[in-house]
Amino acid sequence: VQLQASGGGLVQAGGSLRLSCAASGIFFSSNVMAWFRQVPGKEREFVAAISGGGRRTDYSDSVESRFTISREDSKNTVYLQMNNLKPEDTAVYYCAATPIRSVFYTLGRRETDYNAWGQGTQVTVSS
């Protein structure tokens with residue numbers, strides 16, 4: 001399994017970035033995909049998740065209404081559109097995947113809910 005995140009960079013507060021995560025080695029459409037972020041000295045934090053097929057999404061309170069998670073199963077890729085960025089959004093962003101195991105699956109918010117991780121991409125928001 002390989003998850004390759006890209007799209008990070010330096011942006012001013014109020015700006016936008018779009019992260020991408022290309023997956024290989026998994027049956028992509030049958031995986032819940034998620035984004036987490038981490039700053040030095042802190043635990044990894046849930047950002048957003050999307051169901052197989054993209055019908056359901058979940059966001060942390062801190063990014064709700066500013067970030068949008070989406071997926072393009074034909075390209076095995078999940079995206080995170082980040083608008084109105086704030087300095088507190090500065091972090092390394094990681095994509096994660098976990099296979100759907102039940103018809104009644106939920107979108108996990110814990111690190112342990114996911115079993116595959118990308119290498120991370122740095123997002124820096126200047127004030």
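**Figure 1. Surroundings of Ser51 in the predicted model.** Ser51 counts as buried at 1% relative accessibility, where buried means under 20% relative accessible area, exposed over 50% and partly exposed in between (1.4 Å probe, protein chains only). The residue sits in the loop between β5 and β6; strands (E, at least two residues) and helices (H or I, at least four) are DSSP runs numbered from the N terminus. Neighbours within four places in sequence aside, Ser51 is in contact with Arg56, Arg71, Tyr105 and Leu107, contact meaning heavy atoms within 4.5 Å. Because this is a predicted model, local features need pLDDT of at least 70 and side-chain atom pairs count only at pLDDT 80 or more, while totals for chains, interfaces and linings use all residues. Residues are numbered from 1 along each chain as its sequence is written, and side-chain values use heavy atoms, with hydrogens and water left out.

**Figure 2. Asn31 in strand β4.** Asn31 lies in strand β4 and is buried, with a relative accessible area of 5%. Without counting neighbours within four places in sequence, its contacts are Ile26, Gly52, Arg71, Ala97, Thr98, Pro99 and Ile100.

**Figure 3. Ala23 in strand β3.** Strand β3 holds Ala23, a buried residue with a relative accessible area of 9%. Residues up to four places away in sequence aside, Ala23 touches Gln2, Leu3, Phe28 and Asn76. The C-alpha atoms of Ala23 and Cys95 are 9.5 Å apart in space, and the two residues are 72 residues apart in sequence.

**Figure 4. The salt bridge of Arg37 and Asp89.** The structure holds eight salt bridges, each defined as a side-chain nitrogen of Lys or Arg within 4 Å of a carboxyl oxygen of Asp or Glu. In one of them, the side chains of Arg37 and Asp89 meet at 2.9 Å, N to O. Arg37 belongs to strand β4 (residues 31-38) and Asp89 to the loop between β8 (77-82) and β9 (91-99), so this pair ties together parts that are 52 residues apart in sequence. Arg37 and Asp89 are both buried.

**Figure 5. The salt bridge of Asp58 and Arg109.** The closest N and O atoms of Asp58 and Arg109 are 2.6 Å apart in this salt bridge. The pair links distant parts of the chain, with Asp58 in strand β6 (residues 57-59) and Arg109 in the loop between β9 and β10 (116-117), 51 residues apart. Asp58 counts as buried at 19% relative accessibility, whereas Arg109 counts as partly exposed at 40%.

**Figure 6. Glu72 with Lys75, and a salt-bridge network.** A salt bridge joins the side chains of Glu72 and Lys75 (3.9 Å, N to O). Glu72 is partly exposed, with a relative accessible area of 29%, and Lys75 is exposed, with 53%. Elsewhere, Arg37, Glu45, Arg66 and Asp89 are joined into one network by salt bridges that share partners.

**Figure 7. Nonpolar cores.** A nonpolar core is a set of buried Ala, Val, Leu, Ile, Met, Phe, Trp, Tyr and Cys residues joined through side-chain atoms within 4.5 Å. The largest has 29 residues, of which Leu3, Trp35, Leu80, Met82 and Tyr93 touch the most other members. At least two residues of this core come from each of β1 (2-6), β3 (17-24), β4, β5 (45-50), β7 (67-72), β8, β9 and β11 (121-126). Beyond its neighbours within four places in sequence, Met82 is in contact with Gly15, Ser16, Leu17, Leu19, Arg66, Phe67, Tyr93 and Val123. Another core, of nine residues, lies apart from the largest core and includes Phe36, Ala49, Leu107 and Tyr114.
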